[in-house]
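Colleague: I am new to this structure and would be grateful for a close look at a single part of it, taken slowly and with each term explained.

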Amino acid sequence: MEMKVCQSCGMPLREEKEFGTNADGSKNEEYCVYCYQGGRFMQDCTMEEMIAHCAEFTDEFNKGAGTNFTKEEAIAGMREYFPQLKRWKK
């Protein structure tokens with residue numbers, strides 16, 4: 001089974017509590033709780049602004065994933081990956 005990831009920030013969605021919510025309060029399995037609540041995005045931002053925000057969590061990501069990316073490497077990776085996510089696809 002393929003792991004679900006937030007289609008806005010790329011965060012792995014492992015537990016139901018991490019899912020965002022639709023306008024009717026039901027869970028939304030495409031977006032995380034940090035990006036999407038009550039049927040709307042929590043941040044009105046560009047993809048580059050989202051990448052800059054997510055880059056602030058590089059150290060936390062490295063700990064959880066057992067990696068050692070620099071902030072610059074993380075940004076470069078997100079610039080390649082994010083255009084594949086639903087929110088940022090053109």
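Colleague: Is phenylalanine 82 buried or exposed, and what can be said about its surroundings?

Modeller: Before the answer, a word on the basis: this is a predicted model, in which local features need pLDDT of at least 70 and side-chain atom pairs count only at pLDDT 80 or more, while totals for chains, interfaces and linings use all residues. Residues are numbered from 1 along each chain as its sequence is written, and side-chain values use heavy atoms, with hydrogens and water left out.

Phenylalanine 82 is buried, because its relative accessibility is 1% and buried means under 20% relative accessible area, with exposed meaning over 50% and partly exposed in between (1.4 Å probe, protein chains only). Its ring forms an aromatic pair with tyrosine 81, and this pair is edge-to-face, with 6.5 Å from centre to centre and 70° between the planes. Here rings of Phe, Tyr and Trp (its six-membered ring) pair if their centres lie within 6.5 Å, and planes under 30 degrees apart count as stacked, over 60 as edge-to-face and the rest as tilted. Tyrosine 81, in contrast to its partner, is partly exposed, with a relative accessible area of 33%.

Two residues from the segment before strand 1 touch phenylalanine 82, namely serine 8 and cysteine 9; strands (E, at least two residues) and helices (H or I, at least four) are DSSP runs, numbered from the N terminus. Serine 8 is buried, with a relative accessible area of 0%, and, not counting residues up to four places away in sequence, Tyr31, Cys35, Phe41, Met50, Leu85, Arg87 and Trp88 are also among its contacts (heavy atoms within 4.5 Å). Cysteine 9 is buried too, at 13%, and its contacts beyond four places in sequence include Cys32, Cys35, Met50, Cys54 and Leu85. Although cysteine 9 and methionine 50 are 41 residues apart in sequence, their C-alpha atoms are 6.9 Å apart in space.

Phe41, one of the residues that serine 8 touches, leads to a further group of rings, since Tyr31, Tyr36 and Phe41 form one aromatic cluster. Within it, tyrosine 36 and phenylalanine 41 make an edge-to-face pair, 5.1 Å from centre to centre and with 70° between the planes. Tyrosine 36 counts as buried at 13% relative accessibility, whereas phenylalanine 41 counts as partly exposed at 27%. The charged end of arginine 87 sits over the ring of phenylalanine 41, 3.8 Å from its centre, a term that requires NZ of Lys or CZ of Arg to be within 6 Å of the ring centre and within 35 degrees of the ring normal.

Cysteine 9 also belongs to the lining of the largest pocket, where Cys9, Gly10, Met11, Pro12 and Phe61 lie nearest the centre among 27 lining residues. A pocket, on a 1 Å grid over the protein atoms alone, is an open set of points where a 1.4 Å probe fits, with protein on both sides within 12 Å along at least five of seven lines, and lining residues have an atom within 4 Å of a point. Helix 1 (47–55), helix 2 (58–65) and helix 3 (71–81) each supply at least two residues of this lining.
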